[in-house]
Amino acid sequence: MGAAAAARGRVAALARHAGATFELPTRAIEIAATAGEGGGNVTLFANARVGRNARVVETPFASWATRSATFAERAGPRDFLAAFEPGTVRETVALMMHTLSEKKADESASSYAASCLPESFRFVDACLNEADVQALAGTETESRARSRGEFVRKLSAMSKIPVADIAWALGAVSSRAMKSAAVPEFALVPGCDLLDHHPQPNCEVRRDGGSTPDVYVATTRDIAPGEALTISYGNLGNDRALRMYGFSDAAFFKNDTRRSGVHPSNESAFAKTLDAQSLDEWLPDRSSWCR
């Protein structure tokens, strides 16, 4: 199945989940495939003017809390998870396995994980392909991509789960899960995970108070008809954008560093930058890493 056809299938599946797994409280918001290269991405668009502070997505507490790392750790096999250091790695592995279990347990492919997430994540698959990793030669991302590929292979060997499935799960968690003031647990948040990154976003993720806090997306300014809804993924550099989300952007050059030993998202590293002229050196095969 081509990327455009797969995206159309996801749009249809997401429409079925809207009203159950998550809510679109206004008819002015629609789920649609992007018109960009490949036509394989799915996001939210305004089909009419939407005012500031409008709720455009709502995710019930039960939908995201049962897709959190905390829930996954409690539900998962303790002996297996004990092999990983507490913290980010264990949370990631637990949520990966939990998400993969949701996908695999649903033979009718109607669950959110099985029908609404992409069939594959190119930016993780590329870490397993030597030619793709070689395209990053001379950058810090090369060694990080190799490490990610080794992580996928080792986790596959430990769990006896095929490499392709582990790669899918890592891509899903890496690019979709969030943790913030609004989402205090590292979790997949259906509906909210549809919004793409923008350095000047028109929306933000917020949370209701109370004992069962629902998560929602609110507009931060007026949205024009035909405009995509966006949030911020943070102060990204190309290294993190590629490895975590599968895209790069010339606007990130000011945040990039080369061979500095410091993560590109760290403000202390901003002095060492890539200018636009360095793009081909930094990523000769940029298109192969796109989602």
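Q: How many helices and strands does the protein have?
A: This is a predicted model. Its secondary structure includes elements such as helix 1 (residues 3-17) and strand 1 (29-33). The full tally for the protein is 12 helices and seven strands.

Q: What share of the residues of the protein count as buried?
A: A residue is buried when its relative accessible area is under 20%. The protein has 291 residues. The share of them that counts as buried is 47%.

Q: What share of the contacts with a separation of 6 or more comes from residues 24 or more positions apart?
A: One pair of this kind is Arg 221 and Val 50, which are 171 residues apart in sequence and in contact. Among contacts in the protein with a separation of 6 or more, the share from residues 24 or more positions apart is 63%.

Q: How far does helix 1 reach from its first C-alpha to its last?
A: Helix 1 covers residues 3-17, which is 15 residues. At 1.5 Å a residue, 21 Å is expected. The model comes close to that, with a reach of 21 Å.

Q: Which residues of helix 1 are buried?
A: An α-helix has 3.6 residues a turn, so residues three or four places apart point the same way. The cover over the buried residues of helix 1 includes strand 1, strand 2 (42-46), helix 6 (112-115) and helix 10 (163-176). The buried residues are Ala 6, Ala 7, Arg 10, Val 11, Ala 13, Leu 14 and His 17.

Q: Which residue with a positive phi follows helix 1?
A: Most residues other than glycine have a negative phi. The residue that follows helix 1 is a glycine, with phi near 100 degrees. It is Gly 19.

Q: How far apart are the end C-alpha atoms of helix 5?
A: Helix 5 runs over residues 88-105 and has 18 residues. At 1.5 Å a residue, they should span 26 Å. The model agrees with that, at 25 Å.

Q: What covers the buried residues of helix 5?
A: The buried residues in helix 5 are Arg 90, Thr 92, Val 93, Ala 94, Leu 95, Met 96, Met 97, Thr 99 and Leu 100. Their cover includes helix 3 (69-75), helix 4 (78-81), helix 6, helix 9 (140-159) and helix 10.

Q: Is Thr 99 buried or exposed?
A: Thr 99 sits in helix 5. Beyond its neighbours within four places in sequence, Thr 99 contacts Ala 113, Leu 117, Trp 168, Ala 172, Val 173 and Leu 188. Its relative accessible area is 2%, so Thr 99 is buried.

Q: At what angle do helix 5 and helix 9 pack?
A: Val 93, Met 96 and Met 97 in helix 5 meet Phe 151, Leu 155 and Ser 159 in helix 9. The crossing is right-handed. The two axes are 13 Å apart, and the angle is about 65 degrees.

Q: Why is helix 9 called oblique to helix 10?
A: Arg 148, Phe 151, Val 152, Leu 155, Ser 156 and Ser 159 in helix 9 meet Val 163, Ile 166, Ala 167, Leu 170 and Ser 174 in helix 10. The crossing is right-handed. The axes come within 9 Å and cross at roughly 125 degrees. That angle makes the pair oblique.

Q: Is Lys 160 buried or exposed?
A: Lys 160 lies in the loop between helix 9 and helix 10. Its phi is positive, about 65 degrees, although Lys 160 is not a glycine. With 72% relative accessibility, Lys 160 counts as exposed.

Q: Where is Asn 53?
A: Asn 53 is not a glycine, yet its phi is positive at about 65 degrees. At 43% relative accessibility, Asn 53 is partly exposed. Its place is the loop between strand 2 and strand 3 (55-59).

Q: How far apart in space are Arg 221 and Val 50, C-alpha to C-alpha?
A: Arg 221 lies in the loop between strand 6 (215-219) and strand 7 (230-231). It is partly exposed, at 35% relative accessibility. Beyond neighbours within four places in sequence, its contacts are Val 50, Gly 51, Arg 52, Asn 202 and Glu 227. The C-alpha distance from Arg 221 to Val 50 is 8.5 Å.

Q: How many disulfides does the structure hold?
A: A disulfide is a covalent bond between the sulfur atoms of two cysteines. Cys 192 is buried at 1% relative accessibility, and Cys 203 is buried at 2%. The number of disulfides in the structure is zero.

How values were computed. Residues are numbered from 1 along each chain as its sequence is written. This is a predicted model: local features need pLDDT of at least 70, side-chain atom pairs count only at pLDDT 80 or more; totals for chains, interfaces and linings use all residues. Side-chain values use heavy atoms; hydrogens and water are left out. Helices (H or I, at least four residues) and strands (E, at least two) are DSSP runs, numbered from the N terminus. The expected span of a helix is 1.5 Å times one less than its number of residues. Buried means under 20% relative accessible area, exposed over 50%, partly exposed in between (1.4 Å probe, protein chains only). Contact means heavy atoms within 4.5 Å. A disulfide is a pair of cysteine sulfur atoms within 2.5 Å. Axes are lines fitted to C-alpha atoms, for helices over the stretch in contact, and angles run from 0 to 180 degrees between N-to-C directions. Angles under 35 degrees count as roughly parallel, over 145 as roughly antiparallel, 65 to 115 as roughly perpendicular and the rest as oblique. A crossing is left-handed if the near helix is turned anticlockwise from the far one by less than a right angle, and right-handed if clockwise.
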